[in-house]
Amino acid sequence: IIYIFGVYLTQTVSDHRALRGAESNPDLTTYYGSLFTAILTLYKAVSGGISWEVAVKPLIADIHPALGILFCLYIAFVTLAIMNVVTGVFVQAAMETAQQDRDVYMVHHARNMFAKADQDGDGRINWEQFEAQFSSPEMQDTLKLMDLDEHAADTLFKLLDVDEVGEVCFDDFVDVCVRLRGPPRSIDIMTAVYEHRRFARRLYKKMAAMQRSVQP
């Protein structure tokens, strides 16, 4: 953008100087005498090197007022573009930090809930132990962070119990909790994924059993 405006202003000033000769404003030569100086002037006008009012005055006074409007459009466009880029970078960084903080917060509550439920300390809990934690603050906070309620807890446990052994381990519990962070329908997607895994395991077991039965 700066280059395009610089080329146009340099050419315009050059044509004006060719017509007016020595009568042209020396500020035009200072600020727009060459492509390099024009680009430098335009850059300084948006970065605080000079006041853009100083840079635009000779264009308006000696060439045409329309160049003032063009210069204002340049300032507005570049300023808004830079502001949008800078704001976008900071907003994105803030959102990523907030997401990481929420994940850490959820894992912390999930760990506390799991530790309370795992009374025998074997690193696994069954449905009864899981259900007993519904009223605990840790479980409520964990479900809230995943946009779930107590009615979806049964589905959550089934997602965790991929092997269908009636128990889940801590690593699987945390993994599913983190994966379910997102849109409200994330649990529907995760349910389909884990149902596919269960079906694949059942199919593998049946095929293995059939293979053993046909072997002499």
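These legends go with several close-up views of a predicted model.

The model is predicted, so local features need pLDDT of at least 70 and side-chain atom pairs count only at pLDDT 80 or more, while totals for chains, interfaces and linings use all residues. Residues are numbered from 1 along each chain as its sequence is written, and side-chain values use heavy atoms, with hydrogens and water left out.

**View 1. The whole chain, with its ten helices and two strands.** Helices (H or I, at least four residues) and strands (E, at least two) are DSSP runs, numbered from the N terminus. Follow the sequence along and you get the pattern α-α-α-α-α-β-α-α-α-β-α-α. The chain has 216 residues, and 33% of them count as buried. Here buried means under 20% relative accessible area, exposed means over 50%, and partly exposed is in between (1.4 Å probe, protein chains only). About 13,500 Å² of the chain is exposed, with carbon and sulfur atoms supplying 61% of that. Accessible areas come from the Shrake-Rupley method with a 1.4 Å probe, and for residues only the protein chains shown count as cover.

**View 2. Confidence along the chain.** The score here is pLDDT, the predictor's confidence in each residue, from 0 to 100. Its mean over the chain is 77, and 80% of the residues reach 70 or more. Among the elements, helix α3 (residues 35-47) has the highest mean, 89, and helix α10 (residues 186-214) the lowest, 68.

**View 3. Helix α1 and its buried side.** With 19 residues, α1 reaches 26 Å from its first C-alpha to its last, close to the 27 Å expected at 1.5 Å a residue. That expected span is 1.5 Å times one less than the number of residues. Look for F5, G6, L9, T10, T12, V13 and H16: these are the buried residues of α1. They pack against α2 (26-32), α3, α4 and α5. Just after the helix, G21 takes a positive phi of about 65 degrees.

**View 4. A closer look at H16 in helix α1.** H16 counts as buried because its relative accessibility is 10%. Leaving aside neighbours within four places in sequence, H16 is in contact (heavy atoms within 4.5 Å) with G21, S24, L28, D62 and I63. Take I63: 47 residues separate it from H16 in sequence, yet the two are 7.0 Å apart in space, C-alpha to C-alpha. Across the chain, 62% of contacts between residues at least 6 apart in sequence join residues at least 24 apart.

**View 5. The one salt bridge in the structure.** A salt bridge is a side-chain nitrogen of Lys or Arg within 4 Å of a carboxyl oxygen of Asp or Glu. Here the partners are K57 and E53, whose side chains meet at 4.0 Å, N to O. Both sit in helix α4 (residues 52-62), and because they are four residues apart, about one helical turn separates them. K57 is exposed, at 52% relative accessible area, whereas E53 is partly exposed, at 47%.

**View 6. A nonpolar patch on the surface.** The patch is made of I1, Y3, I4, V7, L35 and F77, which together have about 580 Å² of accessible area. Patches are made of residues with over 30% relative accessible area and no salt bridge, with like charges joined within 9 Å and nonpolar side chains (Val, Leu, Ile, Met, Phe, Trp, Tyr) within 5 Å. Helix α1 (residues 2-20) gives the largest share, three residues. F77 lies in helix α5 (residues 66-117) and is partly exposed, with a relative accessible area of 47%.
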